[in-house]
Amino acid sequence: MFIFVSRPNSTIDDLNLLDALLKNYDRRALPTSHLGTPTEVRCEMYIRSFGSINPSTMDYEVDLYLRQKWLDERLKKPEMSKPLDLNDPKLVQRIWKPEVFSPTRNMLNFSM
């Protein structure tokens, strides 16, 4: 997910623009809830390793990368043109993200 800003070397202006965008932003609402349509989330999965298979219990361990893409028009503004990195965990907590759900898992650990 990227948020676009216009001034390439103006970090404080970029952060102020981002703060203004998030001021009335409700991260609990789906990006398309105002349209009455589902939010399309595209997923990519890269399996890093597959191992520790236990045939008697059908358990195994998988290390993987999960990439999700979606469009949130609420964060799109005409004056934005440059991607702003969203690697800040505090910033990521303020935006909507799809819920990752695995109904057949015994244990699921996430690292960001």
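Two strands pair if DSSP finds at least two bridges between them. Keep that rule handy, along with the naming scheme: helices (H or I, at least four residues) and strands (E, at least two) are DSSP runs, numbered from the N terminus. With that, select residues 42-54, strand S2, and residues 59-69, strand S3: these two run antiparallel and share 10 bridges.

**Before going further**

This is a predicted model, where local features need pLDDT of at least 70, side-chain atom pairs count only at pLDDT 80 or more, and totals for chains, interfaces and linings use all residues. Residues are numbered from 1 along each chain as its sequence is written, and side-chain values use heavy atoms, with hydrogens and water left out.

**Stop 1: the whole chain**

Show everything as a cartoon. You should find 2 helices and 4 strands, and tracing them along the sequence gives β-α-β-β-β-α.

Now colour by pLDDT (the predictor's confidence in each residue, from 0 to 100). The chain's average is 79, and 74% of the residues score at least 70. Which element has the lowest mean pLDDT, and which the highest? Strand S1, residues 3-5, sits at the bottom with 48, while S2 tops the list with 89. Where pLDDT is low, the predicted coordinates should not be read in detail.

Switch to a surface. The chain exposes about 9,300 Å², and carbon and sulfur atoms supply 53% of that; the area comes from the Shrake-Rupley method with a 1.4 Å probe, and for residues only the protein chains shown count as cover. Of the 112 residues, 21% are buried, where buried means under 20% relative accessible area, exposed over 50%, and partly exposed in between (1.4 Å probe, protein chains only).

For contacts, the criterion is heavy atoms within 4.5 Å. Take those between residues at least 6 apart in sequence: 64% of them join residues at least 24 apart.

**Stop 2: back to the hairpin**

Zoom in on S2 and S3 again. Pick Ile47 and look across to S3, where its bridge partner is Leu64. In a regular strand the side chains alternate between the two faces of the sheet.

Next, slide to the turn, which puts 4 residues between the strands. Select Met58 in this S2-S3 loop. Its phi is positive, about 60°, although Met58 is not a glycine. Met58 is also exposed, at 65% relative accessibility.

Ser52 makes a good follow-up. This residue belongs to strand S2, and its phi is positive too, near 50°, again without being a glycine. With a relative accessible area of 53%, Ser52 is exposed.

**Stop 3: the aromatic pairs**

Show the rings of Phe, Tyr and Trp (for Trp, its six-membered ring); they pair if their centres lie within 6.5 Å, with planes under 30 degrees apart counted as stacked, over 60 as edge-to-face and the rest as tilted. How many aromatic pairs does a search of the whole structure find? There are 3.

One of them is Tyr46 with Tyr65, stacked at 5.8 Å centre to centre with 25° between the planes. Tyr46 is in strand S2 and Tyr65 in strand S3, 19 residues apart, so the pair links distant parts of the chain. Tyr46 is exposed at 52% relative accessibility, whereas Tyr65 is partly exposed at 48%.

Then select Phe50 and Tyr60, another stacked pair: 5.0 Å between centres, 20° between planes. Phe50 lies in S2 and Tyr60 in S3, so the pair ties together parts 10 residues apart in sequence. Phe50 counts as partly exposed, with 49% relative accessibility.

**Stop 4: the loop from H1 to S2**

Select Glu40, in the loop between helix H1 (11-22) and S2. Is Glu40 buried or exposed? Exposed, with a relative accessible area of 53%.

Turn on polar contacts (pairs of N or O atoms within 3.5 Å; within protein, one must be able to donate a hydrogen and the other to accept it, and residues adjacent in sequence count only if both atoms are side-chain atoms). The side chains of Glu40 and Arg42 are joined by one of 2.9 Å. Leaving out residues up to four places away in sequence, Glu40 touches Lys69 and Trp70. Measure from C-alpha to C-alpha and Lys69 is 8.5 Å from Glu40, with their positions 29 residues apart in sequence numbering.

Finish at Thr32, in the H1-S2 loop as well. Thr32 is buried, with a relative accessible area of 15%. Its side chain reaches the backbone oxygen of Thr37 at 2.7 Å. Setting aside neighbours within four places in sequence, Thr32 is in contact with Thr37, Pro38 and Thr39.
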